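Work through the exercises below with the sequence and the 3D view side by side. Try each task before you read its solution.

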Amino acid sequence: MRAKRKKSYKGHNVWRSYSDMMAGLLLLFVLVMCISFMQAQKNYQERLEEESAHQQTTSLLQTQLEEQQALLNEQESELDEQAALLASQQADLDEQSALVTSQQESLDAQSALLAEQESELAEQEALVAAQQADLDEQAALVASQQATLEEQQQKIEQIIGVKADLIADLKQEFDAQNLTVTLDETDGSILLDSSVLFGFNEYSLTEEGQALLGQILPVYCSVLLSDEYFDYLAEIRIDGYTDTSGTYFSNLQLSQSRAFAVASYLLDLGTISSSDMELLEEKLSVNGHSWSDPVYAEDGTIDADASRRVEIKFSLKDEDMINELSEILNEAAAETSDGTEAADATTVTGTDASTQAGADAAAETGADTTAVTE
């Protein structure tokens, strides 16, 4: 019995302790809730105070902002007035600047026109100076050409005179030797029958040809190699020619052989003095020309007999100058034609009748003087 009571008492104490604990927890919860409520109340109060202070600050700032806005509006109005004033002043400045620019452009145009006129004046002065220099140069050229023409005229007259005298002496000497020779008195050519010297397609001299050459060549050379004419003599040339039958090469050999045959006979004659022989060897040249430069008949066909020939030619030293005279006159006329009329007139008057006659003589006597042996 005692044991059961003790057990019952023990269970009753456990539930009591549990109730005390729960009561303590509840009290603790209530305290926590009270403290939390008080803290929340305090925070709410503080927040209300902060919001009130914030509203006051905001109101103050709003007032200040409005005041500043009004001040800004007033300043903006003043700025607008100043901007309008500046715009008006800028417009005046732009107008004045445009006027200054227009005046500057006008001044620049006048300066450019003045510079252009000065440049044109300088160019004209330079052109006048150049033209004057050209005139002076042309006058000097005309004077030089006039002197050259006079010198050439003297040479022409001398050469023409020497040539005329030489031809006259040849004719006189042939007449004195009673030789029947057809002498062309304009160029000194001697024409002989071609069949006298060689047979057909032969280059050995016939007896008749040797006899004829033995009479003519010594007289011919004695006149040319005389002291009177030797200083003027440029060359004695023996040229051989054939007709157009056969090949060019065979005719070249034949023409050379015929020319050499005449030259050999001339050098072996023995009738020419040793001193004249030395002079002859100094001036003599021999050439073969095959069928080049044939002789034509009146009907335009080739004269084969006349084409087979040996030509003995002589030329004077200054005879080429006669051929060049026409070119000199033409060049002088061409050069002076680009100059002034005065320079051109000077050139024309400088070429007198005797000079023109010399030019005509040059055209007529431009070829070598020839002695033709058929």
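## Exercise 1: The two sides of a helix

In this predicted model, the face of α4 turned away from its buried side carries S274, E278, E281 and E282, which are exposed.

Task: Find which residues of helix α4 (residues 274-283) are buried, and work out which elements they pack against.

Solution. Step one is to pick out the residues under 20% relative accessible area, and in α4 these are M277, L280 and K283. Step two is to look at how they are placed around the axis: they cover an arc of only 130 degrees, so they lie on the same side of α4. Step three is to look at what that side meets, and there the buried residues of α4 pack against α2 (207-224), β3 (233-241), α3 (248-267) and β4 (284-288).

## Exercise 2: The largest nonpolar core

Task: Determine how many residues the largest nonpolar core has and which of them have the most contacts inside it.

Solution. The core has 40 residues, and those with the most contacts inside it are F174, Y220, I236, I238, V262 and L280. Two or more residues come from each of α1 (2-176), α2, β3, α3, α4 and β5 (309-316), and α2 gives the most, with 8 residues. To follow one member, take I236, which touches L224, L225, L280, K283, L284, S285, I312 and K313 when residues up to four places away in sequence are not counted. As a general background, nonpolar side chains in soluble globular proteins tend to be buried together.

## Exercise 3: Salt bridges around R309

Task: Decide whether D293 and R309, whose side chains meet in a salt bridge, are buried, partly exposed or exposed.

Solution. The closest approach in this pair, N to O, is 3.6 Å, and the pair links distant parts of the chain, with D293 in the loop between β4 and α5 (304-307) and R309 in strand β5, 16 residues apart. D293 has a relative accessible area of 48% and is therefore partly exposed, whereas R309, at 4%, counts as buried.

Next, consider the other partner of this arginine: R309 also forms a salt bridge with E311, with the closest N and O atoms 2.7 Å apart, and here both R309 and E311 are buried. Salt bridges that share partners join E235, R237, D239, D293, R309, E311 and K313 into one network.

For comparison, R308 forms a salt bridge with D305 at 2.4 Å between the closest N and O atoms; R308 is buried, with a relative accessible area of 15%, while D305 is partly exposed at 45%.

Methods: Residues are numbered from 1 along each chain as its sequence is written. This is a predicted model: local features need pLDDT of at least 70, side-chain atom pairs count only at pLDDT 80 or more; totals for chains, interfaces and linings use all residues. Side-chain values use heavy atoms; hydrogens and water are left out. Buried means under 20% relative accessible area, exposed over 50%, partly exposed in between (1.4 Å probe, protein chains only). Helices (H or I, at least four residues) and strands (E, at least two) are DSSP runs, numbered from the N terminus. The arc is that of the directions from the helix axis to the C-beta atoms. Contact means heavy atoms within 4.5 Å. A nonpolar core is a set of buried Ala, Val, Leu, Ile, Met, Phe, Trp, Tyr and Cys residues joined through side-chain atoms within 4.5 Å. A salt bridge is a side-chain nitrogen of Lys or Arg within 4 Å of a carboxyl oxygen of Asp or Glu.
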